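Student: Could you walk me through this structure while I have it open? I'd like to ask things as they come up.

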Number of protein chains: 2
Amino acid sequence: MSLRVSDRRLVLAALGALPVLPGLLKPVALWAQTSQAGSPLASWNDGPAKQAILEFVRATTDQSSKDFVPVEHRIATFDQDGTLWVEHPVYGQMLYCLDRVPALVAQKPALKNVEPFKTVLSSNRAAIAKLPIPALEKIIVATLTGMTTEEFNAEVAKWLASAKDPRWKRPYTDLVYQPMLEVLTYLRANGYRTFIVTGFGQDFVRVYSQKVYGIPPEHVVGSALAVKYGYDKDGNPVLVKEPKLMLNDNNAGKPEGIHLMIGDRPHAAFGNSTGDQQMLEYVGAGAGKRLAMLVLHDDADREYAYGPALHLPDTKIGTFTQALYDEAKKKGWNVISMKSDWKRIFPFN
Amino acid sequence: MSLRVSDRRLVLAALGALPVLPGLLKPVALWAQTSQAGSPLASWNDGPAKQAILEFVRATTDQSSKDFVPVEHRIATFDQDGTLWVEHPVYGQMLYCLDRVPALVAQKPALKNVEPFKTVLSSNRAAIAKLPIPALEKIIVATLTGMTTEEFNAEVAKWLASAKDPRWKRPYTDLVYQPMLEVLTYLRANGYRTFIVTGFGQDFVRVYSQKVYGIPPEHVVGSALAVKYGYDKDGNPVLVKEPKLMLNDNNAGKPEGIHLMIGDRPHAAFGNSTGDQQMLEYVGAGAGKRLAMLVLHDDADREYAYGPALHLPDTKIGTFTQALYDEAKKKGWNVISMKSDWKRIFPFN
């Protein structure tokens, strides 16, 4: 199986603490507050990216437009990691899996001396950062399966309430992009249903999607492990998470997952990496006006810079490759520069 | 694979034309008209079934109620065949598959002399009715795969526009139960999202769900074949339907499918057969007030009678078995009698 772990950027050397910015510690504004703003897309600078979004909404919601889209077909899909929230240096759900290892070993002590669990327990960050992909997959399967869906949801909620990003010293769910929250709100205000289409686990994202993005669980499509229906010792029905991959929602898996879970071709899609390429192709190739956008991480000061135009020494960090950038230009997809298109990055600053 | 064809009642002797009732031929009223009715559930007689629905909605939407459910958790699920529309004597989608055989053989002439296609082409209704389940599965796979999702949608729409039920001489999409359309509308008016959870194919139901039930494609959960992302000869992205079962949405597959596609436990569920048993158990076992209802087909005059209380000579016709009836009574699920609870059956009469 290969959730999103087949990407090379999953666990990088930066598992150690990163320098902390002074970040203003006023209360966090989440998606609900964006709808109170006077003008839509208030955190966007004027420019081609903002213009493309405004023009798309106008053209597809104005009844006199040749590109008018009836409200039942107004669907927009968003990748999560790197598109709606920070994915760097490590995906949020991978951190969750690593943090779950001690509890797992407490339940199954035999794992204490078995790799890769032994390395994770060592707290040797350099060694953990070097774990190969198959080892990470082993950790993912071991920490995400064997419990009921309700036990899993409770564990994730507990973790989200306490875990903090080392750079901003804030819960991971604070590290969502304010300009993208405004896009979600603006599209919904114009009759669009907004879906997350993530390469990571849909069960994980569904725990916080309503609170953080205003997106209900049924509008979260993601990689999915099977669940098995059965009964607990008191005869109550339970669903137990199984080590069997139902849906690998990456690359070609994204349009396939969209068909399975939504059943209609979206009119707008947002991504940031090669994992989103096929989703953007599929959406962009539909009849009438479509919106396909890529977030480019080019702002090392306010977030991170790992986009292709930056000629980073190690371009493997980002999977927004030069080839993807070139395809975007060729197909007329809009590239969003975090540095120049966004007035601010997070709700808290 | 076994979509819903593992039921014994799939293709019955009654493939021949049935006696036609005089049915009034005034224009069809579909779900949209039910919302214009003065009082909710206008086609329901007063009684425990109607009362249970009204009381459930009151208890879960009144903020002062101990069973109040926040709007984001208001989810209701409905089986389709036999719960929302007529399933007897043959499931609508099975008829579609049988009707597609001539077109399939025109494309692949070698199949002309291969069973079970040869029998289907013979138009010998008695022989077709006797085809065993594996033969039907072969027909299902052959007629539902190998084309793009868009080609499939167009074929289904064409068939729905022309095919007619032999008893009522009307399109199959007319044979929906007016009282259930009213339940859908009433629940939605009270903040519930209404989902279809069908044992048959979700791609099929999604073609007409918005028009017939007011339910968008993403609120249709059903058995699902995989699709494969690729490119047509002009390089355009396409999704091709594959002979690989992703989700068998029957029995335990219903709560499993609900988890995969919805991600939250519904507060209300409606079914009519053993295929819905686990869904009702799962919904009924949730905390707080829940509504679990079974439609009993006991009205031979206005529709069909194949419920357990009727002691039909061949009780295998219905999968609403005596055991299911007994479990319903024991667990407090409500049984809806079509004969005594429904003032009328269809929108057109």
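Tutor: Gladly, and one term should be settled beforehand: buried stands for under 20% relative accessible area, exposed for over 50%, and partly exposed for what is in between. Please also keep in mind that this is a predicted model.

Student: OK, so where does Asn251(A) fall, buried, exposed or partly exposed?

Tutor: Asn251(A) has a relative accessible area of 29%, so it is partly exposed. Its backbone is also worth a look, since Asn251(A) is not a glycine and yet has a positive phi of about 50 degrees. You will find Asn251(A) in the loop between strand S4 (237–247) and H11 of chain A.

Student: And H11 itself, how many of its residues are buried?

Tutor: In helix H11 (residues 253–261) of chain A, nine of the nine residues are buried, so the helix is largely enclosed by the rest of the structure. Charged residues are among them, including Lys254(A) and Glu256(A), and the buried set also has Ile258(A), Leu260(A) and Met261(A). After H11(A) comes Gly263(A), with a positive phi near 80 degrees.

Student: Which residue in chain B has a positive phi without being a glycine?

Tutor: Leu41(B) is one, with a positive phi of about 60 degrees, and it lies in the loop between helix H1 (31–34) and H2 of chain B. Leu41(B) has a relative accessible area of 1%, so it counts as buried.

Student: Let's zoom out. What does chain A look like overall?

Tutor: The secondary structure of chain A consists of 14 helices and seven strands, and 58% of its 349 residues count as buried. Among the contacts in chain A with a separation of 6 or more, 71% are between residues 24 or more positions apart. The accessible surface of the chain is about 13,900 Å², and carbon and sulfur atoms account for 54% of that area.

Student: How is chain B related to chain A?

Tutor: A turn of 180 degrees, with a shift of 0.0 Å along the axis, lays chain B on chain A with an RMSD of 0.0 Å. That is the relation of a two-fold axis. Within chain B, the C-alpha nearest the axis belongs to Met261(B), at 3.1 Å from it. Both copies use the same surface, given that 100% of the contact residues of chain B recur in chain A.

Student: Switching topic: how many aromatic pairs are there over all chains?

Tutor: A search of the whole structure gives 36 aromatic pairs. One of them is Tyr96(A) with Trp159(A), an edge-to-face pair with 5.5 Å centre to centre and 80 degrees between the planes. Tyr96(A) belongs to helix H3 (residues 92–107) of chain A and Trp159(A) to helix H7 (residues 149–162) of chain A, so the pair ties together parts that are 63 residues apart in sequence. Both rings belong to buried residues, with a relative accessibility of 1% for Tyr96(A) and 9% for Trp159(A).

Student: Why is the pair of Phe56(B) and Tyr192(B) called tilted?

Tutor: The planes of Phe56(B) and Tyr192(B) are at 40 degrees, with the ring centres 5.6 Å apart, so the pair is tilted. Phe56(B) is in helix H2 (residues 48–61) of chain B and Tyr192(B) in the loop between helix H8 (178–189) and strand S2 (193–201), 136 residues apart.

Student: Back to Trp159(A), which cluster is it in?

Tutor: Ring pairs link Trp159(A) into a cluster that includes Trp85(A), Tyr96(A), Phe152(A) and Tyr213(A). The charged end of Lys241(A) sits over the ring of Phe152(A), 4.4 Å from its centre. In chain B, Arg167(B) lies over the face of Tyr304(B), 4.8 Å from the ring centre.

Student: What about the nonpolar core, which residues have the most contacts inside it?

Tutor: In the largest nonpolar core, which has 74 residues, those are Met94(B), Ile139(B), Tyr213(B) and Phe270(B). Helix H3 (residues 92–107) of chain B gives the most to this core, with eight residues. Another core lies apart from it and has 73 residues, among them Ala49(A) and Trp342(A).

Student: Last one: where is there a cis peptide bond?

Tutor: Glu115(A) and Pro116(A) are joined by one, with omega about 5 degrees, and Pro116(A) lies in the loop between H3 and helix H4 (117–122) of chain A. A cis peptide bond also joins Glu115(B) and Pro116(B), again with omega about 5 degrees.

Key: Residues are numbered from 1 along each chain as its sequence is written. Chains are lettered from A and ligands numbered from 1 in the order in which they are written. This is a predicted model: local features need pLDDT of at least 70, side-chain atom pairs count only at pLDDT 80 or more; totals for chains, interfaces and linings use all residues. Side-chain values use heavy atoms; hydrogens and water are left out. Helices (H or I, at least four residues) and strands (E, at least two) are DSSP runs, numbered from the N terminus. Buried means under 20% relative accessible area, exposed over 50%, partly exposed in between (1.4 Å probe, protein chains only). Contact means heavy atoms within 4.5 Å. Accessible areas come from the Shrake-Rupley method with a 1.4 Å probe; for residues, only the protein chains shown count as cover. Copies are superposed by least squares on the C-alpha atoms of residues with pLDDT of at least 70 in both. Rings of Phe, Tyr and Trp (its six-membered ring) pair if their centres lie within 6.5 Å; planes under 30 degrees apart count as stacked, over 60 as edge-to-face and the rest as tilted. A charge sits over a ring if NZ of Lys or CZ of Arg is within 6 Å of the ring centre and within 35 degrees of the ring normal. A nonpolar core is a set of buried Ala, Val, Leu, Ile, Met, Phe, Trp, Tyr and Cys residues joined through side-chain atoms within 4.5 Å.
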